[in-house]
Amino acid sequence: MPTVSINSLDHEKFQDLVRRKRIVSVILSTLMLVIYFGFILVLAFRKELLAVKVGEHLTMGVPVGLAVIISACVLTGIYVTWANSAYDDAVTSIVGNMKEK
C-alpha cells in the first residue's frame with residue numbers, strides 16, 4: 001500500500017466532509033438529547049401525565065418510554081444510512097485523490 005503524504009490531502013474537500021459530519025452529528029445528538037431529557041423532565045415534574053391509564057394494566061409511561069427507545073434506534077439508523085452513502089462516498093473520493101497525487 002503506498003504511503004500518502006498529509007500534504008497531498010485535498011484540504012477543501014476534507015474540511016467540507018468534516019463540516020458535514022459535524023452538522024449531522026450535532027443535529028442527531030441534539031434531537032436525541034431533547035427527546036431523552038424531555039422524557040426525564042416530564043417524569044420528574046409532571047408524573048401525572050405519564051400515570052394516565054391507557055388500558056386496564058398500562059399507563060402512558062410505558063408507550064412513551066418505548067417511543068424514546070425506538071427514537072434512539074431510528075436516529076441511529078438515519079446516521080448509519082447517511083454514513084454508508086454520502087459520507088463513505090466522500091471518503092472514497094478523498095482517498096482516491098490522495099492516492100493519485
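What span should the 35 residues of helix H1 have at 1.5 Å a residue, and how far apart are its end C-alpha atoms? The expected span is 51 Å, taken as 1.5 Å times one less than the number of residues. The end C-alpha atoms of H1 (residues 11-45) are 49 Å apart, which agrees. This is a predicted model, where local features need pLDDT of at least 70, side-chain atom pairs count only at pLDDT 80 or more, and totals for chains, interfaces and linings use all residues. Residues are numbered from 1 along each chain as its sequence is written, and side-chain values use heavy atoms, leaving out hydrogens and water.

**Helix H1 and the core**
- Helices are DSSP runs (H or I, at least four residues), numbered from the N terminus.
- Leu17, Val24, Leu28, Met32 and Phe39 are the buried residues of H1; buried means under 20% relative accessible area (1.4 Å probe, protein chains only).
- The largest nonpolar core has nine residues, including Met32, Val68 and Trp82.
- H1 and H3 are the elements that give two or more residues to this core.
- A nonpolar core joins buried Ala, Val, Leu, Ile, Met, Phe, Trp, Tyr and Cys residues through side-chain atoms within 4.5 Å.

**Ser71 in H3**
- Ser71 sits in helix H3 (residues 61-100).
- Ser71 is buried, at 15% relative accessible area.
- Its side chain reaches the backbone oxygen of Val68 at 2.6 Å.
- Beyond residues up to four places away in sequence, Ser71 touches Met32 and Ile35; contact means heavy atoms within 4.5 Å.

**Ile69 in H3**
- Ile69 also lies in H3.
- Ile69 is exposed, at 53% relative accessible area; the exposed cut-off is over 50%.
- The C-alpha atoms of Ile69 and Met32 are 9.9 Å apart, across 37 residues of chain.

Notes: Polar contact = N/O pair within 3.5 Å; in protein donor to acceptor, adjacent residues only side chain to side chain.
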